[in-house]
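Q: Please take me closely through the aromatic side chains of this model and how they pair up. After that, I would like to hear about the backbone and the confidence too.

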Amino acid sequence: MLRVFQITKDHKVEVFPNNNTFNVLELGRYEIIYTSNEIVSNEVYIEDINIDLDKISIFDKIIKLNDFRYFEDYFGFASLKINNETFLFNIRIEKLKLSEIEDIFTYLWSKEDRLFNIFFSRSTYELDFKKNGIDLSNTSKLISFIERFILTFDQLYPLFLNTPYTVLRKKQSKEIYDSSKVSPDSLEWVLSNLDEVNFDDSLKGHYNSIKINNKFGVIDHLFSIENVNSFNNYENQIILGSFICVLKKINNLKLEIKSNINIQPSKDDKYADFKDLKKIPFIKLFEDSSSLEKKVIKLYNKYRRLFIDTKPKVEKPLITTVFAQKNHYRKSFSLIKNLYNYKFDLFGEFKLLNISKLSRLYEAYNLFVIIDSIKQNLKLELFNVEATSNRNDEIIERIVLKNNDVRIKFLYEHKYYTDSIKGQETELRRIDSSKGNFYHPDFIIEIFNSVNNVKKYFILDAKYSKFQTVKGLHLPSLMFKYILNTGISEESNSKISSLALLFPNENGQKIIKSNFYEPNIEMIASKPNIEIEINEYIKNIFVKNIPKEYLNFNI
């Protein structure tokens, strides 16, 4: 049996489960009491993280988790494992507004959609994904395919315009009478359509009169048949039909999203429930599909005007001599065949997306914000740029920009050790190893100016916490780790040049700021639409350490 109590200043309120799930607040303080006929283990886990024993009290048949913020930094479903039993919690957050979290997800989706793979918590996977199954890649795969479809047919259009495949066909038409166009077919038509002849005896002797059964008459129109080059052949019908097929798939995707997801922006609320976030990845898909739909329609209309009087065939194509031998038709056939062969799963219930730790999401967000800022503030054409990763999740962990005068390294979650470890990538060294032998800050920027032979280090750490928590708790800890207990190899009197803490707020704070002494220490506000401080930080360190001819802004 599990009982959960929320602790406030004045009282203790029990939280009762709803559908076997306890709904709690991420920043709430809770006391948790577990009772059983037999205690076989004193270890308690939230997800895969062990809770410190100093927060646990064990009695005869009771395990008590003392008053604490056990769910801080979690969002969504998380499991509490105690005495080999598992209990499910739904954790709501209050730090970031829901719309801001949506903006973070959408921003990351635009940078690298596979980032979402690292944010699934095990509990959500067990609860929802394993049970029902989902392949988010199906929809993004469709978007990528349509983009390739548009690009391919756009590039092939000049070839179709100059060398379209046509077949010689007889065209029947009713035209103004012209004696030069009279043929056996037209005479047969006249005999079958005598009502088209204007009979009058006064027309005898008229140069265009005709005699039928001793009657004279003239005809205004005449049926004729001529040979023309027709676009209405199987291959062109299949090409036009492929556009209709793509538009149907886009429309199905949009309908499925709209029927399952409220794509309107979220209203700000004090608390956010992760169930409200199931729409986030699909907002981007809906926007992309709407944009691509317009491009497909525009391109389809170009081909319709080219292939005059051609009736589209929406069906899987069969190989023909034209598709096999004409290069531009062969390329189109291959693409259209794949269009019908691919199984895009656009239906079924849209599952909930969850993240195991908001701090990891916030780190990834700031990773790409910093990368964007570096790219925007440098003249990239003057650098050799190399981006690499050896991580399992394939997220970028190292970017090196260099030329003859300067080298810039940007490192994500890089570890640096004591002097006992040889061959380290940076000159940063942990000094005291009594409680560990390495540090790994979120971000390191190393700038080496070969003109004056100076190397400087800038450490940034992302903290998903409130202002007071960042300043009162995280700042002293990071100052000890990255300033007091970090040195620079071969430069015993040197320290890092700057320590910056990134946190989700509207405004940051300069802790120690000087144009003459280092290190500088500051707290930088960084969240969607509040990126000016991080951009100014990057600009300032570039201005002081990189020759101005390499900067992409005026000093």
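**Aromatic pairs and their surroundings**

A: Happy to! With ring centres within 6.5 Å as the criterion, the count comes to 30 aromatic pairs, and please keep in mind that this is a predicted model. A good place to start is the pair formed by Tyr 157 and Tyr 303, which is edge-to-face, with 5.3 Å from centre to centre and 80° between the planes. This pair links distant parts of the chain: Tyr 157 belongs to helix H3 (residues 137-162) and Tyr 303 to helix H6 (residues 280-306), 146 residues apart. Both Tyr 157 and Tyr 303 are buried.

Helix H3 takes part in another such contact. Phe 160 and Tyr 329 also make an edge-to-face pair, with 4.8 Å between centres and 80° between planes. Phe 160 lies in helix H3 and Tyr 329 in helix H8 (residues 327-341), so this pair ties together parts that are 169 residues apart in sequence. Phe 160 counts as buried because its relative accessibility is 0%, and Tyr 329 is buried for its part, likewise at 0%.

Rings also meet charges here. The charged end of Lys 455 sits over the ring of Phe 448, 5.7 Å from the ring centre. In the case of Lys 539, the charged end sits over the ring of Phe 553, at 5.1 Å from its centre.

Now for the backbone. Most residues other than glycine have a negative phi, and most peptide bonds are trans. Asn 19, not a glycine, has a positive phi of about 55°; this residue is in the loop between strand S2 (12-15) and strand S3 (21-25). Asn 19 counts as exposed because its relative accessibility is 68%. Asn 84 has a positive phi of about 65°, in the loop between strand S9 (76-82) and strand S10 (85-92), and is exposed with a relative accessible area of 69%. The peptide bond from Glu 518 to Pro 519 is cis, with omega near 10°, and Pro 519 is placed in the loop between strand S26 (509-512) and strand S27 (520-525).

Finally, the confidence. The protein averages a pLDDT of 82, and 76% of the residues score at least 70. Over residues 116-139 the pLDDT stays under 50, and the model has 58 contacts beyond four places in sequence for this stretch. Residues 346-355 are below 50 as well, with 46 contacts beyond near neighbours in sequence. Where pLDDT is low, the predicted coordinates should not be read in detail.

Methods. Residues numbered from 1 in each chain as written. Heavy atoms only, no water. Phe/Tyr/Trp six-rings, centres within 6.5 Å; stacked < 30°, edge-to-face > 60°. Helix = DSSP H or I, 4+ residues; strand = E, 2+ residues; numbered from the N terminus. Buried < 20%, exposed > 50% of the residue type's maximum accessible area, 1.4 Å probe, protein only. Lys NZ or Arg CZ within 6 Å of the ring centre and 35° of its normal. pLDDT = per-residue confidence, 0-100. Contact = heavy atoms within 4.5 Å.
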